[in-house]
Amino acid sequence: MNGFGIHIEGLRKRYGEGDAAVDALKDINMTVAPGEVVGLIGPSGSGKSTLLKCLGAVIEPSGGRMTLGNEIIYNDGWKIPDLGALRRDRIGFVFQAPYLIPFLDVTDNVALLPMLAGISNGQSRKRALELLDALDVGHRAKAQPSQLSGGEQQRVAIARALANQPPVILADEPTAPLDSERALSVIRILNQMAQQYNTAIIVVTHDEKIIPTFKRIYHIRDGRTFAEGGEGKIL
Ligand SMILES: Nc1ncnc2c1ncn2[C@@H]1O[C@H](COP(=O)(O)OP(=O)(O)OP(=O)(O)O)[C@@H](O)[C@H]1O
Ligand SMILES: [Mg+2]
């Protein structure tokens, strides 16, 4: 299933024009294999969120190339026609806050995206329950989000990101609000999920607790990436 790595070459993003132009991304080069979890680290304003938005097809880059598996997504101004479908069907997002829908129970929070993608309600809920079990929150399937702890809510958010079995997951500071133990457990789960579903995962983080867990890290400074081997201490 899935198994599409990401490959980016010379990606650029300019906001605005003329005197007001900001070159947020100048030269981004990155490869993430299926089943791999990489860290993305950089100071404030270095371009991390801009890069995740380009990767997730929320905004379009100004130039450079990105492929997903063998498929070209962006190529120097050219882009695939349906970026919305790419974002919906092939990218999972995990944010710092879980952003669960307060009036849906835990199962339906996870089942919603597959339902919207046209999968039957029964199948969608079955898939949601499997993921919740895999993430060790199956016992809270019928609870409302507000009844869950912060760590449990974040695991539900990860289940939701995985629900359409996307080949790519983009996580922006997913462990920021969590204590050490829960932060490491989120990373452990992301690694497990990457392997189980062959997902390519990029984790933006400042979190000193989890940085030693990455086997590979991309540093971003002033819109440019630098690759580095990490400690890869899996926990
Ligand atoms: N919509 C926008 N219009 C103009 N400039 C922008 C826009 N969004 C971001 N920028 C600029 O692009 C640069 C990169 O911003 P970005 O948000 O990607 O940084 P970041 O690494 O995510 O920072 P932080 O760690 O503070 O979240 C910054 O100089 C920022 O001011
Ligand atoms: Mg940011």
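Me: A nonpolar core is a set of buried nonpolar-type residues joined through side-chain atoms within 4.5 Å. What makes Val-110 stand out in the largest nonpolar core of this predicted model?

Reply: That core holds 39 residues, and Val-110 is one of those that touch the most other members, along with Leu-132, Val-156, Ile-158 and Val-203.

Me: Which elements give residues to this core, and which gives the most?

Reply: Strands E3 (37–41), E8 (168–172) and E9 (200–204) each give two or more, as do helices H3, H4 (121–134), H5 and H6 (180–197). Helix H6 gives the most, with eight residues.

Me: How do you know that Val-110 is in contact with Leu-132?

Reply: Contact means heavy atoms within 4.5 Å, so Val-110 and Leu-132 must have heavy atoms within that distance. Leaving aside neighbours within four places in sequence, Val-110 is also in contact with Ala-128, Leu-131, Val-156, Ala-159, Arg-160 and Ala-163.

Me: What other core is there?

Reply: Another one, of 29 residues, lies apart from the core just described, and Ile-8, Leu-51, Ile-80 and Ile-202 are among its members.

Me: Let's turn to the rings. Why is the pair of Phe-93 and Phe-95 called stacked?

Reply: Two rings pair if their centres lie within 6.5 Å, and planes under 30 degrees apart count as stacked. For Phe-93 and Phe-95 the values are 6.0 Å and 5°, so the pair passes on both counts.

Me: And why is the pair of Phe-95 and Tyr-99 called edge-to-face?

Reply: Here the centres are 5.8 Å apart and the planes stand at 75°. Edge-to-face needs an angle over 60 degrees, so the name fits. A search of the whole structure finds two aromatic pairs, and ring pairs link Phe-93, Phe-95 and Tyr-99 into a cluster.

Me: Is Tyr-99 buried or exposed, and how do you know?

Reply: Exposed means over 50% relative accessible area, and Tyr-99 has 56%, so Tyr-99 is exposed. Phe-93, at 22%, is partly exposed because that value falls between 20% and 50%. Phe-95, at 36%, is partly exposed for that reason too.

Me: Where do Phe-93 and Phe-95 sit in relation to the largest pocket?

Reply: The largest pocket has about 260 Å³ of space. Of the 14 residues that line this pocket, Phe-93 and Phe-95 are among the closest to its centre, together with Leu-113, Arg-160 and Ala-161.

Me: Which element gives the largest share of that lining, and what classes of residue are found there?

Reply: Helix H3 gives the largest share, four residues. By class, the lining has nine nonpolar, two polar and three charged residues.

Technical notes:
Residues are numbered from 1 along each chain as its sequence is written. Chains are lettered from A and ligands numbered from 1 in the order in which they are written. This is a predicted model: local features need pLDDT of at least 70, side-chain atom pairs count only at pLDDT 80 or more; totals for chains, interfaces and linings use all residues. Side-chain values use heavy atoms; hydrogens and water are left out. On a 1 Å grid over the protein atoms alone, a cavity is a set of points where a 1.4 Å probe fits but cannot get out, and a pocket is an open set with protein on both sides within 12 Å along at least five of seven lines; lining residues have an atom within 4 Å of a point. Grid points are joined across faces, edges and corners, and a volume is the space filled by probe spheres set on the points. Ala, Val, Leu, Ile, Met, Phe, Trp, Tyr, Cys and Pro count as nonpolar, Asp, Glu, Lys and Arg as charged, and the others, Gly among them, as polar. Buried means under 20% relative accessible area, exposed over 50%, partly exposed in between (1.4 Å probe, protein chains only).
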